[in-house]
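Here is a friendly walk through a protein model with DNA beside it. Keep the structure open as you read, and look up each residue as it comes along.

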Amino acid sequence: MVTPSAPTEPSGVALLPVSQPLDLAATLQSGQAFRWRPQGEAWSGFLGSEPVSLRQVAAGVEVRSADGARDAMLEALWRYLRLDDDLPAIYRRLRRDPLLVESVDRHSGLRILRQDPWECLVAFICSTQSNLPRISRTQEAIADALGSVTTLDGVVRSAFPTPEAVAGAGEERLRALGLGYRAAFVARTAEAVASGTVDLEALRSAPYADARVRLMALHGVGEKVADCVLLFSMEKLESFPIDRWVRRAVEERYFGGRTVPYATLASWAMETFGPAAGYAQQYMFYGRRLERRGGPPPGP
DNA sequence: CCACGGCCTGATTC
DNA sequence: AGAATCAGGCCGT
């Protein structure tokens with residue numbers, strides 16, 4: 001137990017046992033989440049608005065948090081890491097495709113996350129014509145400027161701000177944080193979410209196609225961004241986000257190098273991989289990143 | 001329904 | 001070195 005009189009929030013540790021394949025480092029650095037920072041052997045970040053530190057050990061994942069012993073924290077982490085997915089079954093499906101065999105074998109334990117939809121939405125609106133380091137930078141800048149400050153074991157970080165806080169900040173303030181032309185998109189989307197024009201939680205339980213249409217009605221959200229948000233935060237594992245690299249790989253391998261519309265590629269993925277399409281995309285994307293960088297990604 | 005130019009910003013390329 | 005070019009697209013025409 002912790003001592004409540006300490007000046008800084010005392011932390012507790014709990015173990016989440018994991019028997020499923022899990023590569024925590026790869027998962028947190030695979031371009032779906034943008035606020036996990038290496039901290040020695042551990043990773044500093046947030047589960048919702050709770051600051052946590054995660055460390056992979058043989059038996060599973062150690063979670064350090066202000067209330068680390070609570071079952072609710074372990075449950076939250078379980079959900080975040082999608083340990084409810086049956087990865088071996090998904091791998092069997094992916095391995096039917098020669099394009100994926102090597103990537104799946106080499107990066108076993110790379111998982112799709114179940115993130116907070118709002119934070120995920122902002123991140124991917126900011127992802128257009130950008131790159132991983134810059135997306136991380138802007139997410140962090142938004143949190144630092146508008147989120148509430150937290151402390152965990154002396155590490156000071158800010159939680160990601162609410163839609164109301166971002167809407168209140170306005171376009172110019174966001175632009176000053178380095179969002180560029182995306183500032184207007186984020187501002188307008190924040191207003192839509194804050195005012196209840198869009199209910200992100202409701203989209204979570206809506207069918208893929210319906211949720212997708214709703215998301216794409218938001219400014220700055222096209223097919224690719226919508227598919228990312230649907231996959232990484234809204235339970236839609238059949239979603240297959242197609243960026244320029246995934247597009248190139250699939251067009252070269254399956255369409256004789258021809259340029260093919262987004263919808264055609266998406267339905268190809270749906271037919272080929274079914275409910276594992278999202279995982280297929282993740283392995284394609286991660287595979288080509290490594291190829292490009294010539295080594296496993298931790299960042300800069 | 002498809003094609004195209006323009007867009008913040010910063011890192012890399014020429 | 002300073003100028004193009006490009007980056008996990010999207011919007012408007």
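## Where the protein meets DNA

An N or O atom in the side chain of R134 sits 3.0 Å from a base oxygen of DNA strand B. Before going further, please remember that this is a predicted model. A second arginine, R182, also has a side-chain N or O atom by a base oxygen of DNA strand B, at 2.7 Å. R175 takes another target: one of its polar side-chain atoms is 3.2 Å from a sugar or linking oxygen of DNA strand B. Two elements, α6 and α7 (163-179), each give two or more residues to the surface near DNA strand B.

Which residues surround DNA strand B? They are Q129, R134, R137, R175, L179, G180, Y181 and R182. Of the strand's atoms that come within 4 Å of the protein, 50% belong to sugar and phosphate. Sorted by class, the residues near DNA strand B are four charged, two polar and two nonpolar.

Now turn to DNA strand C, which has 24 residues around it. The closest are G31, Q129, L132, R244 and F285. Here sugar or phosphate supplies 56% of the strand atoms within 4 Å of the protein, and bases supply the rest. The surrounding residues comprise ten nonpolar, nine polar and five charged ones.

The table gathers polar contacts with both strands.

| Residue | Part of the residue | Part of the DNA | Distance |
|---|---|---|---|
| R134 | side-chain N or O atom | base oxygen, strand B | 3.0 Å |
| R175 | polar side-chain atom | sugar or linking oxygen, strand B | 3.2 Å |
| R182 | side-chain N or O atom | base oxygen, strand B | 2.7 Å |
| L218 | backbone N or O atom | phosphate oxygen, strand C | 3.5 Å |
| G220 | backbone N or O atom | phosphate oxygen, strand C | 3.1 Å |
| K224 | polar side-chain atom | base nitrogen, strand C | 3.3 Å |

Three elements give two or more residues to the surface near DNA strand C: α11 (223-233), α12 (244-254) and α14 (277-293). The largest share, four residues, comes from α11.

## A closer look at α11

Is α11 mostly enclosed or open to the outside? It is largely enclosed by the rest of the structure, because nine of its eleven residues are buried. Among them are V225, D227, L230 and F232. After α11 comes E235, which has a positive phi near 70°.

## The largest pocket

The largest pocket holds about 1,100 Å³ of space. It is lined by 41 residues, and those closest to its centre are S130, N131, L132, I135 and F285. Elements that give two or more residues to this lining are β2 (37-39), α6 (132-146), α11, α12 and α14. The largest share, seven residues, is from α14. By class, the lining has 16 nonpolar, 13 polar and twelve charged residues.

## One residue to finish: T272

You will find T272 in helix α13 (residues 262-273). Is T272 buried, partly exposed or exposed? Its relative accessibility is 25%, so it counts as partly exposed; the buried class covers values under 20%. A polar atom of the T272 side chain lies 2.7 Å from the backbone oxygen of W268. Leaving out residues up to four places away in sequence, T272 touches R93 and D97. L215 is 57 residues from T272 along the chain, and their C-alpha atoms are 25 Å apart.

Notes: Residues numbered from 1 in each chain as written. Chains lettered and ligands numbered in written order. Predicted model: local features only at pLDDT ≥ 70, side-chain atom pairs only at ≥ 80, totals over all residues. Heavy atoms only, no water. Near = heavy atom within 4 Å. Polar contact = N/O pair within 3.5 Å; in protein donor to acceptor, adjacent residues only side chain to side chain. Nonpolar A, V, L, I, M, F, W, Y, C, P; charged D, E, K, R; others polar. Buried < 20%, exposed > 50% of the residue type's maximum accessible area, 1.4 Å probe, protein only. Contact = heavy atoms within 4.5 Å. 1 Å grid on protein atoms, 1.4 Å probe; cavity = no way out; pocket = protein on both sides within 12 Å on 5 of 7 lines; lining within 4 Å. Points joined across faces, edges and corners; volume = space filled by probe spheres on them.
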